[in-house]
Amino acid sequence: MNQAMSKSDDANPWQTFEKTVIRLIAKAASVEPETVGDFTEIPPDSSLGDIATTISFHLTKEVKKNPAEIAAGIKTRLDELARDEPLIDRVEVKGPYINLFFDRGELAKRTLIAIKNRGEEFGRTEEFKGLRALIESPAVNPSKPWHIGHARNAVIGDTLGNILEAVGYDVLRTDYINNLGLQIAQLAWKLQKEGSTETDQKYDHFLGTLYVDVQKDFETNPVVEQGIRETSRQLEDPESTDAQVSEEMITRCLKAQNETSYRLGIYHDLQIWESAIAHSGLLDTAREMMLSCESVFIPNDGDKAGCVVAKLDDLEEFKDMKDPYKVLFRSDGTRTYTGADVAFQMWKFGIVSDPFKYAVFENQPNGEDVLRTTLVGDQKNFGRFDVVFNVIGSEQAHPQKLIYTILDLLGYEEQSKNSHHIAYEWVGLEETDFSGRKGTWIGYSCDLVLDKAAEIAREEVDKRNPKEGEEFKDEVAAKIGSGAVRYLLLKASPDRKITFRWMDALDFNGDAGPYLQYSLARAKRIIEKADSLDESTPDYSLLKDNLEYELLKALSRYPEEVLVVARGLKKEAWGTSFSSNRITTYCYNLASLFSKFYDALPVLKAEDSLKIARRGLVNAFIIAMTNCLKLLGIPVVDRM
RNA sequence: GGGGCCGUAGUCUAGCAUGGAUAAGGCGCCAGCCUGCGGAGUUGGAUAUCCCCGGUUCGAAUCCGGGCGGUCCCGCCA
């Protein structure tokens, strides 16, 4: 009894069926199961079966027969094996293709019981259990509001985190705060020079527009430039007035930026500030470790005399660099970006012991504190991660590769292998790219996009819920808007550029976030209106209609889909691709199958035993869809 | 000079890792479906030299070679 229960309570129902099929084919064709796996596919149309094999093509070389003959032979043996296998209904052969059909009742039963028993755990598996992962995202300069391109980074990072957690990783979500850059110096200089010209704008927006002005002066007025360069030097000294002014400015800016982040449902565990990297002693430790490696040294002469450089031209990827000596520390001893990044990456893996101190930055709307590094505060022991994912624009493929390569040169081969650059392309406009410097982001800030999305959603919510209060309408509209934006950013493959067009972004019909939320809201209405019946012995084998079956198959695949995306995070020469779009496609498809089912097959008007079975299906859809939306970070709405 | 990514109907995209049956979907266009569990829905239709040229293969949108177009990168910069 217990055994039977645990057998049907299956974390990955689809995989169970697939494995069974592969086992049978392997036996029937006398081949290794792995080989069968290589020649297994999902047929283009369900009428051709649930799983098909093209093993007959493969076998033509060994057996000197044509594929169709081979397939026919295998079918005879498969028929015999399938007779004793409850999961398989039948086998058909179409030319060289061998098509297998699952037992619909078994699939329905196993899938629905698994989903019911697992509830919000459905979709969680343990393939990567025990691994600790760090994600860095989105690392926006604290000098401007997020524009829609920054949101792409943040949303990719957040969804990546959700997926890693679903497959068993322990995840730390970090953000990198560059509080010592030139942009910060420009703003700190400007604020002190001109005093407060603050408007009632959100603070990050205020800084963003201020920055466009100061940048113009910086480029055209040498006196201004000189002043800002001096401020930049002063920022390196934490005791200086400039540093204190900038600290306050950055804190306010980050809090404003975080409001945007929270609107998208994105929360962090920890912020690492550049000042902590600069002043914690991390750099000195890292520098010594780097110099102990053969490829890192200080040239005595040449144009890089006195610098700490890494020699890279022995490596295939870098043999064509303009200059193979990459500077890590300048001749005056200061760090370059690459030098700091290598040291930081060493911290992430715990190659150096954690020199940072920590304090709470703020409490987030999800109830969790986000920590920040400080110069005075509590010691902890972060670092020591198994895998590191840096979500950074694809234009940085080369610098990222450099960092990981230097790690390898230092002798940390494993850590280098486990360093992942999750690359994504920019969101741009038809005419131009977003630039903080030129201010082309104005009109495309993430806040503005979210505002407009919520506004459009609100019109529709008004129409549909005339009796509801303002608070309800605003809240629902915000959730629909946020979900629409997240979906838009996730549905494009990260390595494809997105051209932002208001018409597309605000079109909520078809393949868009609201469609998913809507399908769930409709499902919930059915359950809400259901009368009470004895559901203790549902007969799920009644769910035999094609529309029901397609929905069931999609439901059974959910855990496998998540795993496929996680397994797909394989490191390649120039980056690690993350198919966020695979999950949006799955989710859209699931919603679409439910909508077709909803449209064609009544639940509440079906006769009792069928009604109970269909309600089971609807409930399972609600669970799986909810879990999938959470994975994508799209808010669940009960009514819309 | 070298390298990354992208090129698929009017348009936006999926499929490419691991080659397989009729190249899938959204928007837009045309024609249906509300006395029906919520029409942000659903049914049907028209629209494709899968950038080009070769090669491998029984079979190529997918793999390999060479091009073309777009874009990004190859600083003691930031």
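## A helix beside a cavity

Helix H11, residues 241-263, gives the most to the lining of the second largest cavity, with three residues. This is a predicted model, so take everything below as computed from that model. The cavity that H11 helps to line has a volume of about 50 Å³. Its lining runs through Asp 175, Asn 258, Ser 261, Tyr 262, Ile 266, Tyr 267, His 268, Gln 271, Gln 364 and Val 370. Sort those by type and you get four nonpolar residues, five polar and one charged.

## The largest cavity

How many cavities of 30 Å³ or more does the structure hold? There are three of them, and the largest has about 60 Å³ of space in it. Around the largest cavity sit Ile 135, Ser 137, Ala 154, Gly 157, Asp 158, Arg 173, Thr 174, Ile 266, Tyr 267 and His 268. Ile 266, Tyr 267 and His 268 line the largest cavity, and they turn up again in the lining of the second largest.

Which element gives the most to the lining of the largest cavity? That's H7, with three residues. Helix H7 covers 148-166, and strand S6 (170-177) joins it in supplying at least two residues each. By type, the lining of the largest cavity comes out as four nonpolar, four polar and two charged residues.

## The largest pocket

Now for the open space. The largest pocket holds about 900 Å³. Its lining takes in 35 residues, and Ala 139, Asn 141, Ile 392, Glu 395 and Gln 396 are the ones that lie nearest its centre. Two or more lining residues come from each of H7, helix H14 (337-348), strand S14 (387-393) and helix H15 (397-409). H14 gives the most, with five residues. H7, then, is on the list for this pocket as well as for the largest cavity.

As for chemistry, the pocket lining splits into 15 nonpolar, 13 polar and seven charged residues.

## A closer look at Asn 141

Asn 141 is among the residues nearest the centre of the largest pocket, and you'll find it in the loop between strand S5 (132-136) and H7. What does Asn 141 touch, leaving aside residues up to four places away in sequence? The answer is Asn 178, Gln 183 and Gln 257. For a sense of scale, Asn 141 and Leu 312 are 171 residues apart in sequence, with 30 Å between their C-alpha atoms in space.

## H10 against H11

Back to H11, this time for its packing. Two packed helices are described by the angle between their axes and the distance between the axes. The axes of helix H10 (residues 222-235) and H11 come within 7 Å and cross at roughly 85°. That makes H10 roughly perpendicular to H11, because angles from 65 to 115 degrees count that way.

On the H10 side, Thr 231, Gln 234 and Leu 235 make the contact, and they meet Asp 242, Ala 243 and Ser 246 of H11. This contact divides into two nonpolar, three polar and one charged residue.

## H2 against H5

Helix H2 (residues 13-29) and helix H5 (residues 67-83) have axes that come within 9 Å and cross at roughly 130°. H2 is therefore oblique to H5, and the crossing of the pair is right-handed. In H2, the residues in contact are Leu 24, Ile 25, Lys 27, Ala 28 and Ala 29, which meet Ile 74, Arg 77, Leu 78, Leu 81 and Ala 82 in H5. Of these, eight are nonpolar, none polar and two charged.

## H21 against H22

Helix H21 (residues 546-567) and helix H22 (residues 580-600) cross at roughly 165°, and their axes come within 10 Å. Are H21 and H22 roughly parallel or roughly antiparallel to each other? At that angle they are roughly antiparallel, since the cut-off is over 145 degrees. The crossing here is left-handed.

H21 brings a long list to this contact: Leu 547, Glu 548, Glu 550, Leu 551, Ala 554, Leu 555, Arg 557, Tyr 558, Glu 561, Val 562, Val 564 and Val 565. They meet Arg 582, Ile 583, Tyr 586, Leu 590, Leu 593, Phe 594, Lys 596, Phe 597 and Ala 600 in H22. The contact of H21 with H22 divides into 15 nonpolar, no polar and six charged residues. The contact of H2 with H5 has no polar residues either.

Definitions and conventions
Residues are numbered from 1 along each chain as its sequence is written. Chains are lettered from A and ligands numbered from 1 in the order in which they are written. This is a predicted model: local features need pLDDT of at least 70, side-chain atom pairs count only at pLDDT 80 or more; totals for chains, interfaces and linings use all residues. Side-chain values use heavy atoms; hydrogens and water are left out. On a 1 Å grid over the protein atoms alone, a cavity is a set of points where a 1.4 Å probe fits but cannot get out, and a pocket is an open set with protein on both sides within 12 Å along at least five of seven lines; lining residues have an atom within 4 Å of a point. Grid points are joined across faces, edges and corners, and a volume is the space filled by probe spheres set on the points. Helices (H or I, at least four residues) and strands (E, at least two) are DSSP runs, numbered from the N terminus. Ala, Val, Leu, Ile, Met, Phe, Trp, Tyr, Cys and Pro count as nonpolar, Asp, Glu, Lys and Arg as charged, and the others, Gly among them, as polar. Axes are lines fitted to C-alpha atoms, for helices over the stretch in contact, and angles run from 0 to 180 degrees between N-to-C directions. Angles under 35 degrees count as roughly parallel, over 145 as roughly antiparallel, 65 to 115 as roughly perpendicular and the rest as oblique. A crossing is left-handed if the near helix is turned anticlockwise from the far one by less than a right angle, and right-handed if clockwise. Contact means heavy atoms within 4.5 Å.
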